[in-house]
Amino acid sequence: MTRTNPDSCPGVLRLHQAADGPLARIRLPGGRLEPGQLQVLAQAAAELGDGNIELTSRGNVQLRQMHDAAALSERLAGAGLLPSRTHERVRNIVASPLSGRIGGLSDVHGLVPVLDTGLQAAARLAELPGRVLFTLDDGRGDISGLAGDIGVHATGADEFALVLAGRDTGIRISPADAVQVMLAAAHGFLDLGSGQWRLHEVDDGVRRLIEILGLSPGPDRLEFGAAQDIPIGWLDQNNGLVSLGAAVRLGSLPARTAEFIAAIEHPIFITPWRSLVITDLAEWPAEQVVRVLAPMGLIFDANSPWLQVR
């Protein structure tokens, strides 16, 4: 299938003219936000937009009704949220949010900045469509089921399955080779494509891409489910600390609430399920966070009917 329409995925430097005004999409590789970055987003939403931070199904965020694009890009660049003006729309990387803290077979968060840096370092990869999705699953199966284009899925502490077009190829690679193989696959996608936005749209794309990579599939294939439990509530980390998973009603986080989250001064992960995880808390501070943020509308109850709203 060949796309004749240009890739219109929005970013920071190219806003989308939505019905309610200009929309900016900010890529967050692996969903990670530092507290200071969240504070910048909250201020931008309040001062330049409609006052809300919208969470997306790829672990990114959007700001709506942006009335000063130049001021927005300047603020985001200063916060490290716009590290490349040429590659900003291709930094679509999702990773298991709890990886390295709770469960999983291998910590994939260390691969995120390496992959992100590799994408930005290759001038040609700026040509990737803004819809191409890279996935890093630590083996629990929460990310590989999102039907990404190029990804890895941990099968053990020292082995990954190569995932293309959302399916296990049967190819097994080491953690040391994972990023280079994914980058090579991205180049291969460009070699194969003739205007397609996604790998599954390329005729016989997976087989042809495997040939370009020169890798040999094995006999085993993993099956990935589409539905996963959203990490909500009190989550005990492997190291004795606590993460708090919170759903956001309709995926829209008020700037004022975001400022309170930033004030906690702990790493935050935006998930592909329009929720967030606040990490590395001791028990007493975690209790206080719930007491403050629950009345502000964050949902820490895994049985809340709001979780059924998509």
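The following paragraphs describe the charged and aromatic side-chain contacts of this predicted model.

Salt bridges form the main topic here, and the count comes to 13. One of them joins Asp-116 to Arg-91, with 2.8 Å between the closest N and O atoms. This pair links distant parts of the chain, 25 residues apart: Asp-116 belongs to helix H3 (residues 111–121), while Arg-91 lies in the loop between helix H2 (69–78) and strand S6 (93–95). Both Asp-116 and Arg-91 are buried.

A further salt bridge connects Arg-198 with Asp-149, whose closest N and O atoms are 2.7 Å apart. Here, too, distant parts of the chain are linked, with 49 residues separating the partners. Arg-198 is found in the loop between helix H4 (175–192) and helix H5 (205–213), and Asp-149 in the loop between strand S7 (134–137) and strand S8 (150–156). Arg-198 counts as buried because its relative accessibility is 14%, under the 20% limit. Asp-149, with a relative accessible area of 3%, is likewise buried.

The salt bridge between the side chains of Glu-34 and Arg-32 has an N to O distance of 2.6 Å. Glu-34 has 32% relative accessibility and therefore counts as partly exposed; Arg-32, at a relative accessible area of 35%, is also partly exposed. Elsewhere, salt bridges link Asp-20, Glu-54 and Arg-64 in a network.

The aromatic rings remain to be considered. A search of the whole structure finds 0 aromatic pairs. The ring of Trp-197 nevertheless has a charged partner: the charged end of Arg-131 sits over that ring, 3.9 Å from its centre.

Conventions: Residues are numbered from 1 along each chain as its sequence is written. This is a predicted model: local features need pLDDT of at least 70, side-chain atom pairs count only at pLDDT 80 or more; totals for chains, interfaces and linings use all residues. Side-chain values use heavy atoms; hydrogens and water are left out. Rings of Phe, Tyr and Trp (its six-membered ring) pair if their centres lie within 6.5 Å; planes under 30 degrees apart count as stacked, over 60 as edge-to-face and the rest as tilted. A charge sits over a ring if NZ of Lys or CZ of Arg is within 6 Å of the ring centre and within 35 degrees of the ring normal. A salt bridge is a side-chain nitrogen of Lys or Arg within 4 Å of a carboxyl oxygen of Asp or Glu. Buried means under 20% relative accessible area, exposed over 50%, partly exposed in between (1.4 Å probe, protein chains only). Helices (H or I, at least four residues) and strands (E, at least two) are DSSP runs, numbered from the N terminus.
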